[in-house]
Amino acid sequence: MPIALEEILETIRMTEVEHFDIRTVTMGINLLDCRSDDLKRMKTNIYDKIMRTAAEHVATAQKVESDYGISIANKRISITPMAIVADGHYPEDFIELAKVLDRAGDELGIDYLGGFSALVQKGFTMGDRSLIKAIPEALASTKHICSSVNVASTKAGINMDAVKMMGETVKLTAEKTADRDAIGCAKLVVFANVPEDNPFIAGAFHGVSEPDVVINVGISGPGVILRAVKEAPNDLDFSQLGERIKNMAFKITRAGEFIGKKVAAMQSIPYGIVDISLAPTPLPGDSVADILKAMGLEDVGATGTTAALALLNDSVKRGGLMASSHVGGMSGAFIPVSEDEGMINAAQKGHISLEKLEAMTSVCSVGIDMAAIPGRTPASVISGLIADECAIGMTNNKTTAVRIIPVPGKEAGDIVDYGGLLGAAPIMPISQLNNSIFVDRGGRLPPPTKGINN
Amino acid sequence: MADLNEQEIRKLVEEAVQQLGSNVSGEAVNQVVREAAAKINVPVNTSAPQPQIQPSAVGQNRIIVTAFGKNRRGILAGLTGVLSETGCDILDLSQKLLQEFFTTMLLVDISESSLPFEEIKAKVTAKGEELDLKVIIQHEAIFNAMHRV
């Protein structure tokens, strides 16, 4: 059946008016073959491999954008977790390696490079410890590098020593980048049940079970879903509302998969997955919060918000799974505060609190994401928040994460503007009650029995 | 087959009936109609029907040009003119006029053009700017991916 004028106009409305774009085409690169006990040699190996493998990545993505008229907002790279690649090296060496990665990223013209990462849900290697120690300085002295640490899983439980360490690392990173409103913390995320093929930043890395090189794609289409929900009459029931969301999710996922496959094929690289997360942007109308409001809530934070998010998340998955054989990564709705205009407004009005966001993370894909808190917040409070999110992820067998920004010198009610996709973050109040005895206990918080599923 | 008027068809039938009598077969009908048509000077085309446009078999070589703007004289002539100059073949066209606002979509085969996609895109877009049109040019395959299961 030929394409009808209406279908063409719908596609153009999606891209031109509703901000539908491909959020990222992320090239995953294995760096295990670059290891060496000689730091200088390893730096050369890593630089050479990234420059060689991703030489055409940005140009190819731009060509695909031009051919098909769909913009690709970010071109990114993810690498094998650096703690594994550079195990045996010292923290100073890791900082050097971060700078080499940053230089490669800069020269290739990519937006972000993820994978300055460690997986410590059950315990630390020396490489893990060195990497975590290097994080604050590595993020302060680079532009493109993003870091993630997985501290919990449904199988392993929660590594509470790592939770404590990451609370302190977030604080140190904020202090190191205090002159830029703690922007280092926007590039650092602490995970439970981290996926190994996630194309989104800051949590992207190239898992050890992945092929040598792979292309993964993330889509961004809240504006498109928003229209589908807004056009629904007030008395449309939830099954039918879900159906409308599903139809739109199908179309945007198909576009994402198509673009990803093209970028992969043109570089003769295997195509991996499409992550069907709805990634918002700070642009008006491109907001997950606005979708929830359009379902009939006065604002996000109203009772019913978590249920609305659950419906949105499930409907997007239904459409996305029909559209693609290989769905991966996080694949759920993102609810970052600073990157979503509706969330920013709700936070400024005090309609949404960190506590409500925490409840919402039990049904969404990520967790407390891009939320700013007062800079005086102690590390133990941040660790407590990480532990809470890990508990939700571990118990519900899902990914959760914390990307929180304690902005030095700022108090609840202030706002910091990072610009671009990172947006503007209102400082949100967080419970300052003392939890230090709890956080200091350390050791491993045991996994739930549901983790034993064989 | 060329368009026939009622009089010509009547003549054909009368001629055929006169000649056939009881001797009717497919071959005979074909022959008689041809002869009758020749007598009354009507061209008859019995070759296979023209192939229909099939979507997406060669999606790589087919682009969709969409243009929007305020209606004025020469919009379509301008766009199709530049497509013709670049050696492109227009396969399908639809348009809508909503009050003063003009929207058109052209399905274009660029396989015979000597220019690459980027140059065709640049030329058509430039022509669109001359005519105060917003022109969007995309390979057809993206629409098939999004709108067809």
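This is a short chat about the contact between chain A and chain B and about some salt bridges in a predicted model.

Colleague: Which residues count in this model?
Modeller: It's predicted, so local features need pLDDT of at least 70 and side-chain atom pairs 80 or more, while totals for chains, interfaces and linings use all residues. Residues are numbered from 1 along each chain as its sequence is written, chains are lettered from A in the order written, and side-chain values use heavy atoms, without hydrogens and water.

Colleague: OK, how many residues does the contact take from each chain?
Modeller: Chain A gives 29 and chain B gives 27, with contact meaning heavy atoms within 4.5 Å.

Colleague: And what's the area buried between them?
Modeller: About 2,500 Å², 64% of it from carbon and sulfur atoms; that's accessible area (1.4 Å probe) lost on putting the two parts together, summed over both. In chain A, Ile3(A), Leu5(A) and Tyr68(A) lose the most, together 23% of what that side buries.

Colleague: How many salt bridges across the interface?
Modeller: Four, taking a side-chain nitrogen of Lys or Arg within 4 Å of a carboxyl oxygen of Asp or Glu. One of them pairs Arg148(B) with Glu7(A), closest N and O atoms 2.9 Å apart.

Colleague: Switching topic: what does Glu96(A) meet in a salt bridge?
Modeller: Lys43(A), at 2.6 Å, N to O. Glu96(A) lies in helix H5 and Lys43(A) in helix H2 of chain A, so the pair ties together parts 53 residues apart in sequence. Helices here are DSSP runs (H or I, at least four residues), numbered from the N terminus.

Colleague: Is Glu96(A) buried or exposed?
Modeller: Partly exposed, at 34% relative accessibility; buried is under 20%, exposed over 50%, partly exposed in between (1.4 Å probe, protein chains only).

Note on methods
Helix = DSSP H or I, 4+ residues; strand = E, 2+ residues; numbered from the N terminus.
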